[in-house]
Amino acid sequence: MFLLRELLAEIRIATAILGLRHDPRLLKLPPYLSALCILVGTVWLLLLPLNEYSRQTYVSENALLPGQVHTYFGGSEHNIFRAYRHEVHALEHKSAEERTEKFVELLKDCGLKVGRQKYEYSSAGNTVSGENVYAVLQGPRADATEAIVLIGAWRNMDNVINYSGVALVLTLARYFKRWSLWSKDIIFLLPFDSASGSQAWVDAYHDAHDPLHVQPLSIKSGALQGAIAVDYPAGPWGHRFEKLHIVYDGVNGQLPNLDLFNTAVNIASGQMGIGTTLQRMWHHSDSYRDRLMTMLRGMLSQGLGHVSGPHSAFIPYHVDAITVQTVGDGWHDEMSLGRTVESLCRSLNNLLEHLHQSFFFYLLMQANRFVSIGTYLPSAMIIAANFTITSIVLWVQSGRPAAPSKVASTSNSEKEKAKEPDLTIVKEGRNVALVPAAAFEVIERHLFLPVGFIATVHFLGLLPLYVFNTAPQATLKASFTIFTILTLVLPHAFSQALARIPPQPPTPQQITLIQSFSLLLLGLFLSALATLNFSLSLMIGLLSTPFSFVRPSKSPILVGLMNLLLAAMAPPVVMGGIAWWFGKDVGELLAQASFGWHVWGMWTQVVIWLVWWPAWVTASVVAIGALY
Amino acid sequence: MDVDKQKALLFGSAAALRLLLFTAFPSLPDVLAGRVELSTPVTSFKRLQEGLFLYNRNVSPFDGGTYHQSPLLLPLFSLLPNAQRYPLATSLLYVVADLVGADALMKIADTGVAVSSRLFTSSRRELRRSSTTIAAGYLFNPFIVLTCLARPTSVFTHTLILQATSRAATGQSITFILALALASYLSLYPLLLFPPLLILCYDAQSSAKPIQSTTSNALTFTIRYTSLFFATIVALLLLSYGLTSSWSFLNAHYLHIILLPSLTPNVGLWWYFFTEMFDSFRAFFLGVFWLHMFAYMPALSIRFRTQPLFVVCALLGVVSVYAPYPAVGEAGLFLSFLGAFRHVFPLMRYTFPAVSSLLYCTLLGPAFYHLWVYAGSGNANFFYAITLVWSLGLTVILADAIYAVLRDEWEVERPDMRGKEVRRV
C-alpha cells in the first residue's frame, strides 16, 4: 500500500515536470538564470581570498630544494660588486656603442664567451633599437643541453637605469665562473631595455626572430630551463631595500610554473629573511581586503596581457621566468640580494627535468597563498555560460509561433487544462501529460539574414584591429575619437539599413536569431579564452553582461535607457574611461598596445575588436532595431 | 534572378573569397597547412612538397619517409610552378577543385534524388532547398574554406566523391566509375561508397530508361560495373608503378592508411587509442577499428536500399568520425552534403546543441592544442578530450539525421502518424 502510494506520488511529480517542460513560464526563467549565473560567478570570485578557498603554497618539485644550500656570495665579492657598480655608473653618459663595448670587455675579463645582438623594432611610427650583450658560462658538469638565464636589463620597466642590477649580474658572472658545481650552462644577459631587449634575444635564441629587424645570436647553449631578472636600480652609493617584489606575469597572461615563484619566496623569506611582495602591494596585512586587492591586480595585469618585466618575453617559449625587484627602504643590502639570486640559481641548477610539477594556472593573493585553476575557473565559465543559456533560450523562442493567448499560463488547475481544445497527450514511459499542442510546433527559422549579419559585424571588427595596429602614434588619438563616434552611430546605421535595404524589414524572429547567434559566439569565445587567459575572459564577460538582457522593445523610453546603458558600455568608451581613470593618454595607450602587438605578440586587441566589439554592436542593434 | 546568374554570382564570390584569403594573408595558407586539424600525414600539403622535391630530382618520393600520398599527384603538381615562389597557380587549382565539387553538389540537388528516388518519395518533398543554397552551404562552409586554404590533397578526393555521386545520380555510369576509382585510389576510404553509389546509379538508369528492373538485369549491371571499377583501380595502380618503377607506393601509401604507423594527433579517435596501446594488441584492435568502420556500409546500404543518396551522406559522416586520419575537411563535406536533405531537418531534434558543441570544439581544439604543444601547460589529454566532444557532436548529428530519415520513411507508410510524438521501444 505504501509502495503504491509512493509510486503514485512519483508519477504525479514526473508528470508535473513533464508538463513543466513545455510550460511557457519556463521561457520566462532564463533572464533570472542568466542573472544568477553572473551573480554566482562574481560571488565565487570574491570568495576566493578566504582561507577556505585558497591554499598555502608549497614546492612540488623535489629537486629544487630551495634554500638548502649554503651560499658563499659575500666577503670580498662585496668589493668587486662596488667596483662594478662604479664601472656601470660611469657608463651612464656614454654612447650605447661604448657601453656595449665596455660590457663585452667586462664579461670577457671574467673568462666567458660573449655575444652581442642588435635589434630594431618599429610600431606606430616609432622605432626602438638597441643592442644586447650576453655571455655563456659553460657549466663544468654540463653538456650544453640545458641553460639558466640571469638577466640585468640596462633600463628597467620604469625606464630607470638599473645600475646595481647590472653590476650584480656582472659580479655573479665573475663569481659563478669559479664554481665547479654547475650542471647547467648559465647565460648572463644584459638587454638594452626591459620591454624589447630580452624579447629580441629570446626570439633569436629560438630562431623565431624576424631577420630583418633582429640579428641572430652568434653563440647559443642548450634548452633554457629558467630565467631570473634582477631589477635593482640603486645608484653608485647603493641603497638598502626593505622587500623583494617578485614579478611573474608573462605576455598574454601566461604565467611561469608556480614552483619557481615559490622557490624565490622560500629562499628570500626562509633563507635570507627578506620579505617578499607581489603585484605592487607594498603593504600587505594579510587581510581579506589586501588579498582581494592583490588578486584583482594580478588579474588586471594578466588580462591586459602586457609585458611586466624583462622576464615576460621568456614565458611564451615555455621558459619559466621571474623578475626580482627591490622595493622600499630597509636594511637588506646588495649582498643579500646576491645570495638570494645565487641560491635561486643553485636550486634551478638542481633540476633534473623541466619544471612541470606545480601549477601553470593560478591566482596569487599573497606571497604564500594561491588558488589553482580548478577553484577559480568556474567563475569565468559560469559567466560565459550565461550567454550560452540566453542564446539557447532565444533559439527555442525563435522557433515558437508568436504566443496567441495567455490562457495556458493562467490556467493552473488540471481540470481547466483538460477543457482546452488544443491539447496533446504526451506519454513518456508510464507517465502521461497533457500539454498545449502549440508547445510542439516549431516554425521555420530564417537563418540567412542573421548569419550574414553576424558575419558582417565580426568582419568589420578587423577594421579597428588593422587601423590601431598600423596607424602612426600621432594620429592614434584622433582616429580613436573618430572611431568612438562611428561605433556609437553604427548600430543606428545598421538598423536603418536592415529596415530599408532587404526586401522586407527583419522579422522579430530574425532579430531574436541575431541576438542568439551573437551570444552563442560570445559564450563560445569567452569559454575558449578562459582556458588561455582567464582574467581577460572574465573581464570581457563582466563588461558584456548587459548583452544577455537587452530585448527589442517598442517603448521609446525603454529603448532610450537601454541605448544609454549600452553606449556607456561601448568598448571604445570603456577604454577611454579606463585611460582617463589611470590618468593616461589614450593615444599613448594605443601606441603601447600596438608595440605589444608587433613586438611581444600580444593579442588582447584581437579579443577586444573581434569578440567584444561585434557583440556590443549586435546587442545595440537588437536594442534599438524596433524603432526603425 | 535566374539560376544561372545566381550560380555565377555564388561561384564568383566563393572564388573571390578564397583568392582574397590566399593573397591578402600570404602566410595564412602555410600556417593552416601545419595545423593537425586540417592536414593529416596522408593528405598534408607540406609532405606533398617534400615528395615533389624528391620526385623532381629523380629520387623515389617515398625514400624520404615523409610522403604517404598517391604517386600520380606528383606529375600533376610538378606541372605547376613552385608553390613557394608562385603560390597563385596552386591556389587556383584548389579553388577550381572546390568549385567543381560545388557544381557536382548542385547537380545532385537538381536531380531531386534526395527527396524522391526510384523506390521512395518523401512526403515532405516540397521542403526542398534550391541547389544554389546547397552549393553555398558547401562553398561558404568555414571547414571547407579552411581546408581549401590549407591545401591538403583530400580536397581532390572530396571533389571526386561529389563528382562520382552526381554522375551516379544522373546515371552516367562510366564517368561515375572513373571518378570514384580515382577517389578510392587517392584516399582508399571512397571504396566504402561504391555499393551505395552503384545502387544510386542503377536506380537512376532504370528509372530513366524504360528497361525492366529485373534481378538478372541488376546482376549484370553490378558485375559489369564492379569489374570496371576494379579494373580502373588496377590500371591506376599500374600507372603508378610505371611512374615510380617500384611497388613501394603500396607500402608507403595504402599500408600507411591501413596500419596507422603515424600517431600524429588529429581530430579522429584512432591516434590516442593507439598511442596508449600495448604492441601485442595492436593488430587485433586495428582489425576491430577497421571492421567497425566497414560495418556501417552494408548495414546502411541494406536498411536504406530505397534512399542510396542518404547512405552516401551517412557514410561520409561515418568516415569523418571513424576514419584513421580524419580532418575537419571530411566533417565539412558531411555537413554540407547533409544540406541536400533539407526536407528532414524539421524532424531532427538535437541540431542546435550538436552544432553548438561543434562550434565549441572548433575554438577549444586549437586552444587546447596550443596549451599542450606550445605553452606546455596542458597535455595530450586536453586535446584528446576535445576531439572526443567533436566526434560526439558529429555522431549526434549523424544519428539524428538517420533518425529523421527513418521517421520520414515511416510517415510515408503511416501518414496518420505525422506530427505525433513517438517513442523508441
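This dialogue walks through one sheet and one chain contact in a predicted model.

Colleague: How do strands in a sheet pair in general, and which strands form the sheet in chain A?

Modeller: Strands of a sheet pair through backbone hydrogen bonds, either parallel or antiparallel. In chain A, three strands make an open sheet, ordered β1-β11-β10. The pairing here is antiparallel.

Colleague: Which strands are the edges?

Modeller: β1 (55-56) and β10 (362-366) of chain A. Each of these pairs on one side only.

Colleague: How many bridges join β10(A) to β11(A)?

Modeller: Four, with β11 of chain A covering residues 369-372. A hairpin of two residues leads from β10(A) to β11(A). Look for A:Gln366, which stands opposite A:Arg369 of β11(A).

Colleague: And how many bridges join β1(A) to β11(A)?

Modeller: Two, and these strands also run antiparallel. Find A:Arg369 again: in β11(A), this residue is the bridge partner of A:Gln56.

Colleague: What packs on the sheet?

Modeller: Helix α10 of chain A, residues 373-399. The helix touches β10 and β11 of chain A. The direction of α10 makes about 60° with that of β11(A).

Colleague: Now the chains. How is the size of an interface often given?

Modeller: Often as the accessible area lost when the parts come together. Here, count residues in contact instead: 15 residues of chain B contact 15 residues of chain A.

Colleague: What residues make up the side of chain B that touches chain A?

Modeller: That side has 10 nonpolar, three polar and two charged residues.

How values were computed:
Residues are numbered from 1 along each chain as its sequence is written. Chains are lettered from A and ligands numbered from 1 in the order in which they are written. This is a predicted model: local features need pLDDT of at least 70, side-chain atom pairs count only at pLDDT 80 or more; totals for chains, interfaces and linings use all residues. Two strands pair if DSSP finds at least two bridges between them. Two residues are in contact if their C-beta atoms, placed from the backbone, lie within 7 Å. Axes are lines fitted to C-alpha atoms, for helices over the stretch in contact, and angles run from 0 to 180 degrees between N-to-C directions. Ala, Val, Leu, Ile, Met, Phe, Trp, Tyr, Cys and Pro count as nonpolar, Asp, Glu, Lys and Arg as charged, and the others, Gly among them, as polar.
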